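Me: I'd like to go through this one and ask how each label is earned. Could you take the terms one at a time?

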Amino acid sequence: MRPVVLCFSGLDPSGGAGLQADIEAIGQSGAHAAIACTAVTIQSSQQVFGFEACAAPLVKAQATAVLDDLPINAIKSGMLGTTDNIAMLTQLFAEKIINNDTPFVLDPVLVANSGGSLGDEKTLVGAFRQLLPYATLITPNTHELRALSGEQDLHFGAQNLCAQGAHAVLVKTSHDFESGDIEQYLYIEGKMVYKSILPRLEGEFHGSGCSLASFIAGRLAMGDALIDAVKAADSWITRTLRAADAPHPDDAQAQLIPNRFI
Ligand code: PLP
């Protein structure tokens, strides 16, 4: 069978982010997505109205049903929603219910791109720090990077997350810089090993972070080295954003949905 990525992620009914983004991105990477649903969110493509997290035993039962069934070639986590869910995933690694050699892409979701809360940030940050040592790659946005590392500078922040145990960190300059291209850096074990320049595209996107992290997880499941997986994801994500759907074409501020079927 195709290599399998087991994702821990939430449902976004708009279909832009969350588990639908994961399924589509992983499918496009060549792998198969299996999902343990962590939360049901109430949101449009533009705004988060609320969410209800799944209880940790329910998420664990979903994951173990799949772990007992399918050969798992990579793990990806997105919105976990509660410290209980983060602790449960940490325990799956600590107890080796998930093989610790399995590549693990950790997208430490705290808030949606729209700014809506997807969990209690203060407590989630502490729980995520326990999960960091199991991460092959962590893909924080600038807000998450600063929250997890306590550093304002992106480079110091990436080095800090490696020092906290993450194998690698992928960061990009985003909303901080008004103009110019977007720079992206890959740090492995505290050293910058790859830098890329991505074109700054017009608009805000809903689900771009989920898509990027999942595509990388898919490529790792397919056997790519980390740098190759990141390079492949860069060119793929740029294409999905260029082809993004505009749910509100008359509103220049409205978020766009990446077209992952390009
Ligand atoms: N996971 C879920 C369920 C979400 O709803 C969102 C954002 O709305 C995210 C993750 C993070 O999305 P993004 O890729 O835009 O950072």
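Reply: What follows goes from the ligand to a helix and then to three single residues.

Me: Before that, what kind of model is it, and what is counted?

Reply: It's a predicted model, so local features need pLDDT of at least 70 and side-chain atom pairs count only at pLDDT 80 or more, while totals for chains, interfaces and linings use all residues. Residues are numbered from 1 along each chain as its sequence is written, and side-chain values use heavy atoms, with hydrogens and water left out.

Me: Which residues come nearest to the ligand?

Reply: Q43, H206, G207, G209 and C210, out of the 16 residues around the ligand. A residue is near a molecule if one of its heavy atoms lies within 4 Å of it.

Me: What makes the Q43 pair with the ligand a polar contact?

Reply: A polar contact is a pair of N or O atoms within 3.5 Å; within protein, one must be able to donate a hydrogen and the other to accept it, and residues adjacent in sequence count only if both atoms are side-chain atoms. An N or O atom in the side chain of Q43 is 2.3 Å from an oxygen atom of the ligand, so that pair fits the definition. Backbone N or O atoms do the job elsewhere: one of G207 lies 3.0 Å from a ligand oxygen, and one of G209 lies 2.9 Å from a ligand oxygen. The protein covers 96% of the 390 Å² of accessible area that the ligand has on its own (Shrake-Rupley method, 1.4 Å probe; for residues, only the protein chains shown count as cover).

Me: Which helix gives the most to the shell around the ligand?

Reply: α7, with three residues. Both β2 (32-43) and α7 (208-221) supply at least two residues each. Helices here are DSSP runs of H or I with at least four residues, strands are runs of E with at least two, and both are numbered from the N terminus.

Me: How do you know that the length of α1 fits a helix?

Reply: The expected span is 1.5 Å times one less than the number of residues. For the 12 residues of α1 (residues 18-29) that gives 16 Å, and the end C-alpha atoms are 17 Å apart, so the two agree. The buried residues of α1 include L19, A25 and I26, and the buried set packs against β1 (4-11), β2, β4 (72-77), α7 and α8 (226-242). Just after α1, G30 takes a positive phi of about 105 degrees.

Me: Why is A229 called buried?

Reply: Buried means under 20% relative accessible area, exposed over 50%, partly exposed in between (1.4 Å probe, protein chains only). A229 has 0%, so it counts as buried. A229 lies in α8 and touches I216, R219, L220 and D224, not counting residues up to four places away in sequence; contact means heavy atoms within 4.5 Å.

Me: Why does T240 get that label too?

Reply: T240 is at 0% relative accessibility, so it counts as buried. The T240 side chain reaches the backbone oxygen of I237 at 2.8 Å.

Me: And what makes T41 buried?

Reply: T41 has a relative accessible area of 3%, so it is buried. T41 is in strand β2, and its side chain makes a polar contact with the side chain of Q43 (2.8 Å). A polar atom of the T41 side chain also lies 2.7 Å from the backbone oxygen of L11.
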